[in-house]
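Welcome, and please open your viewer. We will move from one selection to the next, with a short note on what to look for at each stop.

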Amino acid sequence: MDQPWFCPHCGRPLEARRVADNATGRVGFRAECPHPGHYRTVVCATRAAVERRLERDFGAPDA
Ligand SMILES: [Zn+2]
């Protein structure tokens, strides 16, 4: 990710993860807090889509 995003629950940096869907075999990406149960995005097709999702949830940094 181009910029750091932080978990709204604990303030730790979100980690970008590459995830494979076992059912479809497709690979996607999401950002998630290392703490289970905290913030995570849905799985997106690209890293850019994850970024857009974060901007929508937290607000664009230059908005
Ligand atoms: Zn957290």
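Which residue is the bridge partner of glutamate 15 in β2? Select glutamate 15 and look across to the neighbouring strand: the partner is glutamate 32. Before going further, keep in mind that this is a predicted model.

**Stop 1: the two strands**

Now select residues 15-20, which make up strand β1, together with β2. The two strands run antiparallel, and six bridges join them. Another pair to pick out is arginine 18, which stands opposite phenylalanine 29 of β2.

Follow the chain from β1 into β2 and you trace a hairpin, with six residues between the strands. Click on glycine 25 in that turn and check the backbone: its phi is positive, at about 80 degrees.

Is β2 largely enclosed or largely open? Colour β2 by accessibility and you should find that five of its six residues are buried, so the strand is largely enclosed by the rest of the structure. Arginine 30 is a good residue to inspect here, as it sits in strand β2. With a relative accessibility of 18%, arginine 30 counts as buried because the cut-off is under 20%. Show its side chain and that of glutamate 32: the two make a polar contact at 2.8 Å. Glutamate 32 is thus a residue you have now met twice, here in a contact with arginine 30 and earlier as the bridge partner of glutamate 15.

**Stop 2: the zinc ion**

Next, centre the view on the zinc ion. Which atoms of the protein serve as its donors? Display SG of Cys7, SG of Cys10, SG of Cys33 and ND1 of His38; they lie 2.0 to 2.4 Å from the zinc ion. Angles among the four donor atoms run from 102 to 114 degrees, and the site is tetrahedral. Along the sequence, the donor residues follow the spacing C-x2-C-x22-C-x4-H.

Try colouring these donors by accessibility too. Cysteine 33 is buried, at 5% relative accessibility. Histidine 38, at 23%, counts as partly exposed. Cysteine 10 is also partly exposed, with a value of 34%, and lies in the segment before β1. For a sense of scale, draw a distance from the C-alpha atom of cysteine 10 to that of aspartate 57: they are 16 Å apart, with their positions 47 residues apart along the chain.

**Stop 3: a glycine in the loop**

Move to glycine 37, in the loop between β2 and α1. Is glycine 37 buried or exposed? At 77% relative accessibility, it counts as exposed. Its C-alpha atom is 9.7 Å from that of histidine 9, a residue 28 positions away along the chain.

**Stop 4: the nonpolar core**

Now show side chains for Trp5, Cys7, Leu14, Phe29, Ala31, Cys33, Tyr39, Cys44, Ala49, Val50 and Leu54. These eleven residues form the largest nonpolar core. Both β2 (27-32) and α1 (47-58) supply at least two residues each, and α1 has the largest share, with three. Two zinc donors, Cys7 and Cys33, are also among the core residues.

**Stop 5: the aromatic rings**

How many aromatic pairs are there? The count is two. For one of them, select tyrosine 39 and phenylalanine 58: their ring centres are 4.9 Å apart and their planes meet at 45 degrees, so the pair is tilted. Tyrosine 39 belongs to the loop between β2 and α1 and phenylalanine 58 to helix α1, so this pair ties together parts that are 19 residues apart in sequence. Tyrosine 39 is buried, at 12%, whereas phenylalanine 58 is partly exposed, at 33%. Add Trp5 to the selection and you have a cluster of Trp5, Tyr39 and Phe58, linked by ring pairs.

**Stop 6: a glutamate in the helix**

Finish on helix α1 by selecting glutamate 51. Its relative accessible area is 12%, and it is buried. Then measure across to alanine 16: the two C-alpha atoms are 9.8 Å apart in space, while the residues are 35 apart in sequence.

Terms used
Residues numbered from 1 in each chain as written. Predicted model: local features only at pLDDT ≥ 70, side-chain atom pairs only at ≥ 80, totals over all residues. Heavy atoms only, no water. Core = buried A, V, L, I, M, F, W, Y, C linked by side-chain atoms within 4.5 Å. Buried < 20%, exposed > 50% of the residue type's maximum accessible area, 1.4 Å probe, protein only. Helix = DSSP H or I, 4+ residues; strand = E, 2+ residues; numbered from the N terminus. Donors = N, O, S within 2.8 Å, 3.2 Å for Na, K, Ca; no water. Tetrahedral: all angles 85-135°; square planar, octahedral: opposite > 155°, others 65-115°. Phe/Tyr/Trp six-rings, centres within 6.5 Å; stacked < 30°, edge-to-face > 60°. Pairing = 2+ DSSP bridges. Polar contact = N/O pair within 3.5 Å; in protein donor to acceptor, adjacent residues only side chain to side chain.
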